Amino acid sequence: MDQPLTINPIVKNMAPDKLLGFQKEISQIPDVLKLTFGEPGFNVADSIKQAAIKAIEANRSHYAESQGEAPLRQAVVDYFNQRYHLNYQSRDQVIITSGVTEAINVIFQTLLAPGDGLLVPEPAYGPYFSSLDLAHGVCISVDTTIHEFKLTPAQVEAAIEHSEVPVKAILLNYPNNPTGMTYNRTELEALAQVFKKHHIWVISDEIYSELTYQGQHVSMAELLPEQTILLNGLSKSHAMTGYRVGFILGPEDTISEMQKVHGALAFAIPTFIQDAAQMAMVEDDDRINMMKATYQKRRDYMVEILEGLGFTIAKPAGAFYIFAKLPVDLGTDGHQFALNMAQVAKVAVIPGECFGGLPSSQAYIRLSYAASDEDVKAGLTRISQYVTALR
Ligand code: PLP
């Protein structure tokens with residue numbers, strides 16, 4: 001008998017995505033209202049759609065320039081320089097990727113040698129961990145639940161000092177998924193000092209930058225441009241999740257190394273999508289402001305009700321999520337709570353355990369307010385009735 005055919009052990013041993021596992025569990029339950037997705041409930045602006053249609057009609061159907069079409073890369077440089085006081089000099093400092101998802105893989109594959117350590121403030125967006133496994137990197141988790149989800153310079157110092165592997169980089173994500181936390185300029189400056197002192201890469205996923213409700217978003221690329229690899233994209237700000245447009249910006253010599261990886265992984269995103277993305281870069285802010293105002297109203301509504309029920313919440317300052325700690329009388333098992341609530345009250349939220357490996361996230365649930373007003377209202381009514389009935 002032949003031995004069974006095998007696959008790469010790294011993939012075989014990869015931690016299964018807990019979020020996918022949970023979604024599978026609740027997919028069997030009929031009529032569940034979902035407050036789970038990070039999917040903006042808005043359509044793409046007509047001008048952007050028309051740009052894609054026009055490109056298709058003009059037979060823009062050939063291979064695009066792999067790094068991204070030159071006019072789009074220039075538009076990206078202009079957009080980020082102008083919006084966040086950045087100082088990128090050249091369109092060769094940009095790669096257009098298939099969403100931030102591909103960008104994360106390109107960056108990890110380029111910066112991390114097998115065994116290199118990556119500092120990950122947790123809770124964190126789940127897919128980071130799979131990408132890190134694929135890059136053979138080592139996750140060094142830092143618990144942010146103790147400081148309202150904000151990483152402190154002292155925590156960075158301690159994590160680097162105690163790490164058993166060389167620390168090559170830190171992964172920041174603000175405004176944050178799942179917590180909605182963001183940093184102000186003073187906090188970022190203090191962090192930047194430590195990153196500079198230890199001379200580590202800063203991978204800064206700022207995909208929710210446009211959804212900042214308090215103050216102005218400050219980019220790490222403004223404070224520490226020589227060490228920062230900036231990630232952004234159109235999925236959240238322009239409700240273009242399905243178009244798959246992401247951006248990597250950084251020092252030109254590093255970007256040209258990353259381009260080798262992007263060329264190998266995805267080659268390029270479709271030409272007509274690049275034309276649509278270019279239109280998005282020159283859209284006025286009306287739609288972004290409209291979406292932001294809508295999210296903010298939903299956030300306020302949800303926070304008030306959840307706090308009234310006894311959940312502990314650090315008020316989200318950005319993105320469209322609430323990371324709520326279960327009231328003491330409801331226990332500390334967010335997974336069981338979420339599962340029971342989906343079964344009994346027919347409303348789905350995500351258990352905190354899906355956002356990293358630290359036990360401190362287990363007593364939390366994540367709710368998304370990127371759902372329609374009706375669903376947000378109906379979902380919160382169901383949660384209120386469920387929690388009240390438990391008491
Ligand atoms: N980074 C974070 C923090 C996210 O929350 C998401 C999507 O939810 C992504 C990246 C993926 O974005 P994209 O659609 O550009 O691949």
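Me: What makes helix 5 stand out in the shell around the ligand?
Reply: Helix 5 (residues 99–111) gives the shell its largest share, 3 residues. Helices here are DSSP runs of H or I with at least four residues, strands are E runs of at least two, and both are numbered from the N terminus. The model is predicted: local features need pLDDT of at least 70, side-chain atom pairs count only at pLDDT 80 or more, and totals for chains, interfaces and linings use all residues. Residue numbers start from 1 along each chain as its sequence is written.

Me: Which residues come nearest to the ligand?
Reply: Gly99, Val100, Thr101, Asn177 and Ser235, out of 13 around the ligand. A residue counts as near when its C-beta atom, placed from the backbone, lies within 6 Å.

Me: How many shell residues are polar?
Reply: 9 are polar, with 3 nonpolar and 1 charged. Asp, Glu, Lys and Arg count as charged; Ala, Val, Leu, Ile, Met, Phe, Trp, Tyr, Cys and Pro as nonpolar; the others, Gly among them, as polar.

Me: What describes the packing of helix 3 and helix 11?
Reply: Two packed helices are described by the angle between their axes and the distance between the axes. Helix 3 (residues 46–57) and helix 11 (residues 271–282) make about 150°, with axes 8 Å apart. Axes are lines fitted to C-alpha atoms, for helices over the stretch in contact, and angles run from 0 to 180 degrees between N-to-C directions.

Me: How do you know which residues of helix 3 and helix 11 meet?
Reply: Contact requires C-beta atoms, placed from the backbone, within 7 Å. Ile48 and Ala52 are among those in helix 3, and Phe272 and Met279 among those in helix 11. The contact divides into 10 nonpolar, 2 polar and 1 charged residues.

Me: Why do strand 2 and strand 4 count as edges?
Reply: The open sheet has 7 strands in the order 2-8-7-6-5-3-4, with mixed pairing. Strands pair if DSSP finds at least two bridges between them. Strand 2 (94–97) and strand 4 (138–143) each have a single partner strand, so one side of each lacks a neighbour in the sheet.

Me: How do you know that strand 3 and strand 5 pair?
Reply: They share 3 bridges, in the parallel sense. In one of them, Gly117 has Val167 of strand 5 as its partner.

Me: Why are strand 9 and strand 12 edges?
Reply: Their open sheet of 4 strands runs 9-10-13-12, with antiparallel pairing. Strand 9 (312–313) and strand 12 (350–351) each have a single partner strand, so one side of each is left without a neighbour. Strand 12 is joined to strand 13 (residues 364–368) by 2 bridges.

Technical notes
Two residues are in contact if their C-beta atoms, placed from the backbone, lie within 7 Å.
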